[in-house]
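Subject: Handover of a structure and notes on what was found

Dear colleague,

Please find below the structure that I am handing over to you. The notes after it set out what was found, topic by topic.

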Amino acid sequence: MGESYNVAVIGAGTSGLLTARELQREGHRVTVFEKAHKVGGTWLYNSRVESDLLGVDPNREIVHSSLYRSLRTNLPRQAMSFLDYPFLKKQGGDDRRTFPGHEEVLRFLQDFARDFGLMELIRFRHEVVRVELVDELTHEWVVESRTGENESRWESKEEVFEAVVICNGNNTEPKVAEFPGRETWPGLQMHSHSYRIPELFENKIVVLIGSGPSAFDIVREISPLAKQVHQAIRSPGFLLNNLQNCDNLCQHSMIKCAHKDGKVEFQDGSVVDADAIIHCTGYKYHYPFLKSNGVVTVDGDHVGPLYKHVFPPSLAPWLSFVGLNCRAVLFRVMELQAKWVAKVLSGKAELPSQEAMACSVEKLYSELEKTGRSKQYTHRLQNGEVEYVSWLAAQSDTRLPRRWEEISYNTLAKRVLYYGENYRDTWDVEKWIQEIDSSD
């Protein structure tokens, strides 16, 4: 056995559960702080929505989950399996679809937590309000949490840990589209974070901003009920052929401005008199509890500096993040990041010097700048996924399944485009994987 430390894990969603398991396997003493009453993180569906549907009021009551009632995964369950814990179609289960609904993903995570004895490590209904380094020599971190039914009955507690892993998810703090007139436009505005059911938009003229997975699903769901749907998108025509059954859908360039009389004007010159605007515009990283004296900065789409998206060079290995990335097969990335963090803490995997890690981060920023991309692209793996996953596996001495690279974000995205809007039901994923395994 290697070194053993007292480690706090913030969050009991996918990344938190994976991290807790790997830390426990390496002999560390683990405490998981979870604000909700169950495991699951963003996969824990909540029919409630925030009082501010757009999510810009800092004083609103936060609803963690961003799931809509009908949501199904946009990755097949085979791509959401863990290395030694497959996401199986359970005999007699309620949802045996290859692209299951969110309830099935939650069941999978609950089974995982139970089967690996993680439930006893978790403190439910414990919201973390402060994580702060108090002693650099002994790398002691204070974690302050509070628990209780309401603000007047909160009980706060401070505890000291030797390491902290932040795993509290990235789909809670909405990022909204900015355009002149947004704040004074009189109609209904909401972020997809607060979308649950389509009936709210029956017989309405709706403007929907965005072209990501949530926009794709919500357009398909509200179109049969809405009078008209106008999608504001950076590249008009994109995916329009994959939405052939949405006869009342029209795509435009982005919004130029919104008027007090309810009209919405697009950059292409067209104007609609709309009832609602839905912002399917993604999320911001948000860690209000982290007090790092400016060492770690959180700026919308970017957290940094982080060596390989996980360790702040000057605070490594005592502070780390698991699950920041996007545009990748995320369950696989999170599992390998968790393995790496656990082995680094136990001394079985070695980090470069602080200087070398800082140089690696600056090299990444420089490469982004040379290609005309800002830091907001830092954590998007996409084209670098295969290389990064291979690197993570090597750091934790993990053997990956044969031909795993054939099931990556890019290959899956191409199949989705090929099968169109009904890909979840028309794509025979099992046959596809068999063909991959049988190829030379």
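In which loop is R125 found? R125 is in the loop between β3 (122-123) and β4 (127-135). Please bear in mind throughout that this is a predicted model.

Backbone features

The phi angle of R125 is near 55°, a positive value in a residue that is not glycine. Most residues other than glycine have a negative phi, and most peptide bonds are trans. R125 has a relative accessibility of 43% and therefore counts as partly exposed, since that class lies between the 20% limit for buried and the 50% limit for exposed.

R327 also has a positive phi, near 55°, and is likewise a residue other than glycine. The loop that holds R327 runs between β21 and α4. With a relative accessibility of 35%, R327 counts as partly exposed.

Two peptide bonds deserve a look as well. The bond from G304 to P305 is cis, with omega near 0°, and P305 lies in the loop between β20 (302-304) and β21 (319-321). A316 and P317 are also joined by a cis peptide bond, with omega about 0°. P317, too, belongs to the loop between β20 and β21.

Aromatic pairs and clusters

The count of aromatic pairs comes to 23. One of them is formed by F33 and F161, an edge-to-face pair with 5.9 Å from centre to centre and 85° between the planes. This pair links distant parts of the chain: F33 is in strand β2 (residues 29-33) and F161 in strand β6 (residues 155-161), 128 residues apart. Both F33 and F161 are buried.

Why does the pair W427 and W432 count as edge-to-face? The ring centres of W427 and W432 are 5.3 Å apart and their planes stand at 65°, so the pair falls in the edge-to-face class, for which the planes must be over 60 degrees apart. W427 is buried, with a relative accessible area of 5%. W432 is buried as well, at a relative accessible area of 10%.

A single aromatic cluster is made up of F82, Y85, F87, F108, F112, F116 and F331. One of these rings, that of F87, has R77 lying over its face, at 4.5 Å from the ring centre. Elsewhere, R146 lies over the face of W154, at 3.4 Å from the ring centre.

Helices α2 and α4

Helix α2 (residues 102-115) has 14 residues and spans 20 Å from its first C-alpha to its last, close to the 20 Å expected at 1.5 Å a residue. Is α2 mostly covered or mostly uncovered? Helix α2 is mostly covered, as 10 of its 14 residues are buried. Those buried residues are H102, E104, V105, L106, R107, F108, L109, D111, F112 and A113. Among them, F108 and F112 belong to the aromatic cluster described above.

L330 has its place in helix α4 (residues 330-346). L330 is partly exposed, with a relative accessible area of 30%. The C-alpha atoms of L330 and Y409 are separated by 8.9 Å, although the two residues are 79 apart along the chain.

Pockets and cavities

The second largest pocket holds about 740 Å³ of space. Its lining consists of 24 residues, of which H309, L364, E367, L381 and G384 lie nearest the centre. Two elements, α5 (354-370) and α6 (385-395), give two or more residues to this lining. Which element supplies the largest share of the lining of the second largest pocket? Helix α5 does, with six residues. By class, the lining of the second largest pocket has nine nonpolar, seven polar and eight charged residues.

There are three cavities of 30 Å³ or more. The largest cavity contains about 40 Å³ of space. It is lined by I166, C167, N168, G169, N170, Y287, F321, V322, G323 and L324. How many charged residues are there in the lining of the largest cavity? There are no charged residues in that lining, which divides into six nonpolar and four polar.

Yours sincerely

Definitions and conventions: Residues are numbered from 1 along each chain as its sequence is written. This is a predicted model: local features need pLDDT of at least 70, side-chain atom pairs count only at pLDDT 80 or more; totals for chains, interfaces and linings use all residues. Side-chain values use heavy atoms; hydrogens and water are left out. Rings of Phe, Tyr and Trp (its six-membered ring) pair if their centres lie within 6.5 Å; planes under 30 degrees apart count as stacked, over 60 as edge-to-face and the rest as tilted. Helices (H or I, at least four residues) and strands (E, at least two) are DSSP runs, numbered from the N terminus. Buried means under 20% relative accessible area, exposed over 50%, partly exposed in between (1.4 Å probe, protein chains only). A charge sits over a ring if NZ of Lys or CZ of Arg is within 6 Å of the ring centre and within 35 degrees of the ring normal. On a 1 Å grid over the protein atoms alone, a cavity is a set of points where a 1.4 Å probe fits but cannot get out, and a pocket is an open set with protein on both sides within 12 Å along at least five of seven lines; lining residues have an atom within 4 Å of a point. Grid points are joined across faces, edges and corners, and a volume is the space filled by probe spheres set on the points. Ala, Val, Leu, Ile, Met, Phe, Trp, Tyr, Cys and Pro count as nonpolar, Asp, Glu, Lys and Arg as charged, and the others, Gly among them, as polar. The expected span of a helix is 1.5 Å times one less than its number of residues.
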